[in-house]
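Open your viewer, switch to a cartoon view and keep the selection box handy. We will go from stop to stop, and at each one you will hear what to select and what to look for.

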Amino acid sequence: MLCSSATAAPADTFAVSCAGCHVGGGNIVQAGATLFQADLEKNAVADSASLYQLIYAGKGRMPGFGQDCAPKGKCTFGKRLTDEEVQQMTDYVLQQAANNWQVQQ
């Protein structure tokens with residue numbers, strides 16, 4: 001399930017689309033593939049372009065969320081994210097990683 005509104009805040013989209021596997025920046029499916037800075041760096045997705053591509057097209061067990069993600073079996077079965085939403089999610093994840101996924105008050 002994904003947020004269907006382009007106006008959804010990145011945190012809300014993350015909660016609906018990503019937190020099932022990446023709650024609090026972790027990863028319940030694959031150890032070593034968390035969204036913490038050290039793992040982003042280790043997996044070569046700590047920069048905006050690489051992380052955008054990962055979110056858009058997916059990799060391994062992670063489905064892609066981009067509108068034109070292919071092949072179909074590699075992508076989410078839910079509503080796809082627009083390019084703008086993928087960029088917002090990229091920025092959100094990088095910001096959260098820089099803050100060590102601490103809840104901001």
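Contact, a word we need right away, means heavy atoms within 4.5 Å. Helices (H or I, at least four residues) and strands (E, at least two) are DSSP runs, numbered from the N terminus. This is a predicted model, in which local features need pLDDT of at least 70 and side-chain atom pairs count only at pLDDT 80 or more, while totals for chains, interfaces and linings use all residues. Residues are numbered from 1 along each chain as its sequence is written, and side-chain values use heavy atoms, with hydrogens and water left out.

**Stop 1: helix α4**

Select residues 48-57, which make up helix α4. Which residues of this helix are buried? They are L51, L54, I55, Y56 and A57, where buried means under 20% relative accessible area, exposed over 50%, and partly exposed in between (1.4 Å probe, protein chains only). Now show what surrounds them: the cover over the buried residues of α4 includes α3, β1 (58-59), β2 (62-63) and α5.

Next, look at the two ends. At the N-terminal end, D47 acts as a cap, with a side-chain oxygen 3.3 Å from the backbone nitrogen of A49. That is a polar contact: a pair of N or O atoms within 3.5 Å, where within protein one must be able to donate a hydrogen and the other to accept it, and residues adjacent in sequence count only if both atoms are side-chain atoms. Just after α4, select G58, whose phi is positive at about 75 degrees.

**Stop 2: a charged pair in α3**

Select D39 and K42, which both lie in helix α3, three residues apart, about one turn of the helix. Side chains of opposite charge can pair when their charged atoms come close. D39 and K42 form a salt bridge, with their closest N and O atoms 3.4 Å apart; the term means a side-chain nitrogen of Lys or Arg within 4 Å of a carboxyl oxygen of Asp or Glu. How many salt bridges does the structure hold? It holds one. The two partners sit in contrasting surroundings: D39 is buried at a relative accessible area of 14%, whereas K42 is exposed at 54%.

**Stop 3: helix α5**

Move to residues 83-98, helix α5, and pick out E85. E85 is buried yet has no salt bridge, and K79, the nearest side chain of opposite charge, is 5.5 Å away. When charges are counted, Lys and Arg are positive and Asp and Glu negative, while His and the chain ends are left out. What does the side chain of E85 reach? Draw a line from it to the backbone nitrogen of T82, at 2.8 Å.

In the same view, select Q87, also in helix α5. Q87 is partly exposed, with a relative accessible area of 29%. Leaving aside residues up to four places away in sequence, Q87 touches S48 and Y52. Q87 and Y52 are 35 residues apart in sequence, but 6.3 Å apart from C-alpha to C-alpha.

**Stop 4: the loop between α2 and α3**

Now find the loop between α2 (19-22) and α3 (37-42), where V29 is found. V29 is partly exposed, at 39% relative accessible area. Show its side chain together with V23 and I28: these three form a nonpolar patch on the surface, with about 280 Å² of accessible area together. Q30 is in this loop too, and its C-alpha atom is 9.5 Å from that of M62, 32 residues apart along the chain.

**Stop 5: backbone surprises**

Most residues other than glycine have a negative phi, and most peptide bonds are trans. Select A70 and P71: the peptide bond from A70 to P71 is cis, with omega near -5 degrees. A70 lies in the loop between β2 and α5 and is exposed, with a relative accessible area of 52%.

Go on to A44, in the loop between α3 and α4. Its phi is near 60 degrees, a positive value in a residue other than glycine, and A44 is exposed at 54%. Finish at N100, in the segment after α5. N100 has a positive phi of about 55 degrees although it is not a glycine, and it is partly exposed at 44% relative accessible area.

Notes: Patch = residues over 30% accessible without salt bridge, like charges linked within 9 Å, V, L, I, M, F, W, Y side chains within 5 Å. Areas by Shrake-Rupley, 256 points an atom, 1.4 Å probe, with all protein chains shown as cover.
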